[in-house]
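Student: Could you walk me through this one? I'd like to start with the empty space inside.

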Amino acid sequence: MGFDAPGGPDVFRPEELPLPEPGENQLLIRIAWAGVNRPDVIQRQGFYPPPPGASPIPGLEVSGTVVAVGKGVQPEMLNRRVCALVSGGGYAEYCLANAAHCLHVPHDMDMAEAAAIPETLFTVWHNVFERGWAREGETLLVHGGTSGIGTMAIMLAKAFEMKVVTTAGSEDKCQAARELGADLAINYREADFVEEVKAFTGGKGVDVVLDMVSGDYVARNIECLADDGRHVTIAVLGGLKAEINMATIMRKRLTLTGSTLRPRSDEFKALLADEIHNHAWPLFEDKTIRPVMDRSFPLRDVAAAHARMEGGDHIGKIVLEVAGG
């Protein structure tokens with residue numbers, strides 16, 4: 001499913017392209033399911049073009065079966081069930097992936113769930129645990145607690161014995177976040193999250209903020225941070241610019257950082273996948289963590305899937321069924 005020009009969800013239309021051929025270190029996946037993510041929406045709107053060399057077709061995570069391998073890929077990868085982080089091309093029947101960016105899907109893992117994991121897992125692991133230096137006993141504040149990123153962040157943080165504070169826009173969403181393990185879920189429409197965080201932490205503040213809003217949230221997040229706290233931005237849904245008090249940064253010894261995953265090098269993503277395989281993937285293999293699933297749509301109904309994401313009523317991940325039934 002592609003589009004000719006940016007626009008609303010209705011710009012999607014089916015197209016037929018030649019079957020991709022895997023190059024060096026690549027494999028070809030016959031896709032069972034594909035995940036839908038906010039960057040896909042932003043790409044469709046015309047604000048997030050694919051990086052050089054990436055497929056123009058949206059879709060950053062898939063699950064399926066390996067049907068061909070390129071030079072440098074072990075032959076035993078053929079016919080293996082995998083999920084993969086890709087730079088584009090997921091909204092299709094077949095997709096190329098770097099072999100080092102794939103995770104083996106156990107026989108008892110649902111393939112729809114497998115497709116809902118890579119983008120959020122890679123993003124949260126890198127930004128919370130690598131850039132944010134999060135560790136056992138610390139407190140994480142994550143906005144949008146019932147989004148794909150938010151639900152993943154809550155579950156991973158709790159698995160590594162952190163406390164979690166989150167925000168959401170309704171009591172139903174707050175309750176869903178609590179059921180996932182959030183220690184405090186704040187309805188940002190009814191309460192000031194800065195004051196709620198201060199009360200919950202006894203005035204100390206949180207150690208890490210995972211920020212998807214930016215804009216005027218940044219200054220408020222900084223108020224929520226404890227001394228030596230870390231602020232990690234992964235999206236700018238609330239605006240590209242923020243006004244902050246640098247004296248507060250110095251006084252609290254804060255670290256402000258952020259990242260985008262899609263344009264990073266294959267080498268970086270391979271190292272990240274290796275660390276995830278060693279430290280986080282076992283939690284999914286033994287079902288300690290399972291992705292929160294919102295709704296699935298047939299690939300041909302991708303417009304409806306995007307409309308649901310933009311509507312903001314979803315809790316967890318939206319996926320597209322390609323050949324998963």
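Tutor: Let's fix the term first: on a 1 Å grid over the protein atoms alone, a cavity is a set of points where a 1.4 Å probe fits but cannot get out, and its lining residues have an atom within 4 Å of a point. This is a predicted model, in which local features need pLDDT of at least 70 and side-chain atom pairs count only at pLDDT 80 or more, while totals for chains, interfaces and linings use all residues. Residues are numbered from 1 along each chain as its sequence is written, and side-chain values use heavy atoms, with hydrogens and water left out.

Student: OK, which residues line the second largest cavity?

Tutor: Its lining is made up of A116, T120, G148, T151, M152, M155, P291, V292 and K317.

Student: Which helix gives the most to that lining?

Tutor: Helix 4, residues 148-159, does, with four residues; helices here are DSSP runs of H or I with at least four residues, numbered from the N terminus.

Student: And what lines the largest cavity?

Tutor: That one is lined by M109, E113, I117, F284, K287, I289, R290 and P291.

Student: Switching topic, how much of the chain is buried?

Tutor: Buried residues, meaning those under 20% relative accessible area with a 1.4 Å probe and protein chains only, make up 51% of the 325 residues.

Student: What does the C-alpha trace span?

Tutor: Along its principal axes the trace covers about 60 × 40 × 35 Å.

Student: And how many contacts link distant positions?

Tutor: Counting contacts as heavy atoms within 4.5 Å, residues 24 or more positions apart account for 69% of those with a separation of 6 or more.

Conventions:
On a 1 Å grid over the protein atoms alone, a cavity is a set of points where a 1.4 Å probe fits but cannot get out, and a pocket is an open set with protein on both sides within 12 Å along at least five of seven lines; lining residues have an atom within 4 Å of a point. Helices (H or I, at least four residues) and strands (E, at least two) are DSSP runs, numbered from the N terminus. Buried means under 20% relative accessible area, exposed over 50%, partly exposed in between (1.4 Å probe, protein chains only).
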